[in-house]
Amino acid sequence: MATTNNWQQFKALIPEGVRNVATITANNGNGTSQAELRNGSVITVKGEGVSVGQKVFIQDGEIKGTAPNLARYEVEV
């Protein structure tokens, strides 16, 4: 009888690394872009395939794709 580790199965559902949403502020011309995070800090990320002003998903310092331009709300519970 084989046993399964429920924790390992659960972890497999969650992508590795941190994923952020940012707005592209500049394409640097060397394969990197400047991105502004929601908290206002600016970081350099790998990738130039997204136009300035668009929102992107960033994971492990690399652009993973475009993100929808949705409103942001904060709610206290």
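**Figure 1. The lining of the largest pocket is made of eight nonpolar, one polar and four charged residues.** This is a predicted model, and our tour starts at its largest pocket. The pocket holds about 230 Å³ of space. How do we know that space is there? Rolling a probe the size of a water molecule over the atoms shows where empty space is left. The lining counts 13 residues, and those that lie nearest the centre are Val21, Arg38, Lys55, Pro68 and Leu70. Three elements each give two or more residues to this lining: β1 (19-27), β2 (32-37) and β4 (55-59). Which of them gives the largest share? That is β1, with three residues.

**Figure 2. Ser33, in strand β2, is a buried residue with polar partners.** Here we look at a serine whose relative accessibility is 0%. Buried means under 20% relative accessible area, so Ser33 counts as buried. What does its side chain reach? One partner is the side chain of Asn27, in a polar contact of 2.9 Å. Another is the backbone oxygen of Gly47, at 2.6 Å from the side chain of Ser33. Leaving aside neighbours within four places in sequence, Ser33 is in contact with a list of residues that includes Ile24, Ala26, Ile43, Val45 and Ile63.

**Figure 3. Gln59 sits in strand β4 and makes a polar contact with Arg19.** Is Gln59 buried or exposed? With a relative accessible area of 11%, Gln59 is buried. The polar contact joins the side chains of Gln59 and Arg19 at 3.3 Å. Once neighbours within four places in sequence are left aside, the residues in contact with Gln59 are Pro15, Glu16, Gly17, Val18, Arg19 and Lys64. Keep Lys64 in mind for the next view.

**Figure 4. Glu62 and Lys64 meet in a salt bridge.** How many salt bridges does a search of the whole structure find? The search finds one. In the bridge between the side chains of Glu62 and Lys64, the distance from N to O is 4.0 Å. Now look at how open each partner is. Glu62 has a relative accessible area of 34% and is partly exposed. Lys64 is partly exposed too, at 47% relative accessibility.

**Figure 5. Helix α1 (residues 6-13) lies largely in the open.** Why do we say that helix α1 lies largely in the open? None of its eight residues is buried, so the helix lies largely in the open. At the N-terminal end of α1 you can find Asn5, which acts as a cap. A side-chain oxygen of Asn5 lies 2.9 Å from the backbone nitrogen of Trp7. As you follow the helix, a general rule may help: an α-helix has 3.6 residues a turn, so residues three or four places apart point the same way.

**Figure 6. Asn39 lies in the loop between β2 and β3 (42-46).** This asparagine is exposed, with a relative accessible area of 65%. The side chain of Asn39 makes a polar contact with the side chain of Ser41, at 2.7 Å. Asn39 and Ala22 are 17 residues apart in sequence, and their C-alpha atoms are 9.4 Å apart in space.

**Figure 7. Arg72 is found in the segment after β5 (62-66).** With a relative accessible area of 49%, Arg72 is partly exposed. How far apart are Arg72 and Arg38 in space? From C-alpha to C-alpha they are 9.3 Å apart, while 34 residues separate them in sequence. You have already seen Arg38, which is one of the residues nearest the centre of the largest pocket.

How values were computed:
Residues numbered from 1 in each chain as written. Predicted model: local features only at pLDDT ≥ 70, side-chain atom pairs only at ≥ 80, totals over all residues. Heavy atoms only, no water. 1 Å grid on protein atoms, 1.4 Å probe; cavity = no way out; pocket = protein on both sides within 12 Å on 5 of 7 lines; lining within 4 Å. Points joined across faces, edges and corners; volume = space filled by probe spheres on them. Helix = DSSP H or I, 4+ residues; strand = E, 2+ residues; numbered from the N terminus. Nonpolar A, V, L, I, M, F, W, Y, C, P; charged D, E, K, R; others polar. Buried < 20%, exposed > 50% of the residue type's maximum accessible area, 1.4 Å probe, protein only. Polar contact = N/O pair within 3.5 Å; in protein donor to acceptor, adjacent residues only side chain to side chain. Contact = heavy atoms within 4.5 Å.
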